[in-house]
Amino acid sequence: MDQGTRGELISRLAEAIRSVTTAHPLRVAIDGPPAAGKTTLADELAVVLRAQGRDVIRATIDDFLFPRAQRYRRGQYSAEGCYFDAHDHAALCRVLLDPLGPGGDRRFQHTVYDRDTDTPSSPPATTTPADAVLLFDGVFLLRPELIDRWDLRIFVSVPFEQTVDRARDRGTALAGSTADTAEIERSWRNRYIPSQQLYFATARPTDHADIIVYNDQLQRPTWEVRPHSSIHRI
């Protein structure tokens, strides 16, 4: 286990990415519970990698959602619905992960869903260089349907109770009031946390992670490289 500043963590992760060699774009999963800090971490890492001259593709699981009617068909607060019905993993593999993987043509789409209109989206395909890096953040990325599609697996770990506090603070900041606090609390208690518990019980994501980032102290994170990882030192 190592601990350092935020900048030191990002530097170590960038170093880890440089240490992994593939004949195709490197597909990096940044997994973890909602409000763990996955998107921020991925964005910070993208800035450093681009400054080093690396082509970076940024994408997120939120752009591979099913429409609302499908993802909430078991109910708005269903944990099973959150885990099983929310994300179009087949499309994710078809338009992004497989084209960037072994034998792929490197022509990809970064989204299949428009959140603003709740409708499918199909932007033009883009071709990326073979040495590009995909930084993909989201929940449930180390589940069986996706586990073999990643070349490097990062898990951002935060105690579930702390994610509730962060979500509440974030919601208040965005709305400018505490009006949605009860709704955020209910969603976390009934849907998001139980779905994560289901994920941990069935997929055991931290067992498959190459690097675990303990992100409860944002400015003084701790990280570890797992023993099974091909990354021997970062």
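Which backbone oxygen does the side chain of Thr111 reach at 3.1 Å? Keep that in mind while you load the model, which is a predicted one.

**Stop 1: Thr111**

Select Thr111. You are in the loop between β4 (107-108) and β5 (113-114). Thr111 has a relative accessible area of 6%, so it counts as buried, the cut-off being under 20%. Now show its polar contacts. The side chain of Thr111 reaches the backbone oxygen of Asp63 at 3.1 Å. It also reaches the backbone oxygen of Tyr113, at 3.0 Å. Next, expand the selection to contacts, skipping neighbours within four places in sequence. Thr111 is then in contact with Asp63, Phe64, Ser121 and Pro123.

**Stop 2: the sheet**

Switch to cartoon view. Look for an open sheet of seven strands with mixed pairing. Trace its order: β1-β11-β10-β9-β2-β8-β3. Which strands stand at the edges? They are β1 (2-3) and β3 (56-60). Each has a single partner strand, so one side of each is left without a neighbour in the sheet.

Move inward to β2 and β9. Strand β2 (residues 26-31) pairs with strand β9 (residues 152-157) in the parallel sense, over four bridges. To see the register, select Val28, which stands opposite Leu152 in β9. Strands of a sheet pair through backbone hydrogen bonds, so display the backbone atoms here.

**Stop 3: Val139**

Select Val139, in the loop between β8 (133-137) and β9. Is Val139 buried or exposed? Its relative accessibility is 13%, so Val139 counts as buried. Now add Pro34. Val139 and Pro34 are 105 residues apart in sequence, yet their C-alpha atoms are 6.8 Å apart in space. Leave out residues up to four places away in sequence, and Val139 touches Asp31, Gly32, Pro33, Pro34, Lys38, Ile61, His87 and Gln196.

**Stop 4: the largest pocket**

Keep Pro34 selected. Add Asp62, Arg170, Trp188 and Tyr192. These five lie nearest the centre of the largest pocket, among its 46 lining residues. About 1300 Å³ of space lies in this pocket. Which elements give two or more residues to its lining? Colour α2 (38-51), α3 (68-71), α6 (160-175) and α7 (181-203). The largest share, seven residues, comes from α7.

Finally, recolour the lining by class. It has 19 nonpolar, twelve polar and 15 charged residues.

Notes
Residues numbered from 1 in each chain as written. Predicted model: local features only at pLDDT ≥ 70, side-chain atom pairs only at ≥ 80, totals over all residues. Heavy atoms only, no water. 1 Å grid on protein atoms, 1.4 Å probe; cavity = no way out; pocket = protein on both sides within 12 Å on 5 of 7 lines; lining within 4 Å. Points joined across faces, edges and corners; volume = space filled by probe spheres on them. Nonpolar A, V, L, I, M, F, W, Y, C, P; charged D, E, K, R; others polar. Buried < 20%, exposed > 50% of the residue type's maximum accessible area, 1.4 Å probe, protein only. Polar contact = N/O pair within 3.5 Å; in protein donor to acceptor, adjacent residues only side chain to side chain. Contact = heavy atoms within 4.5 Å. Pairing = 2+ DSSP bridges.
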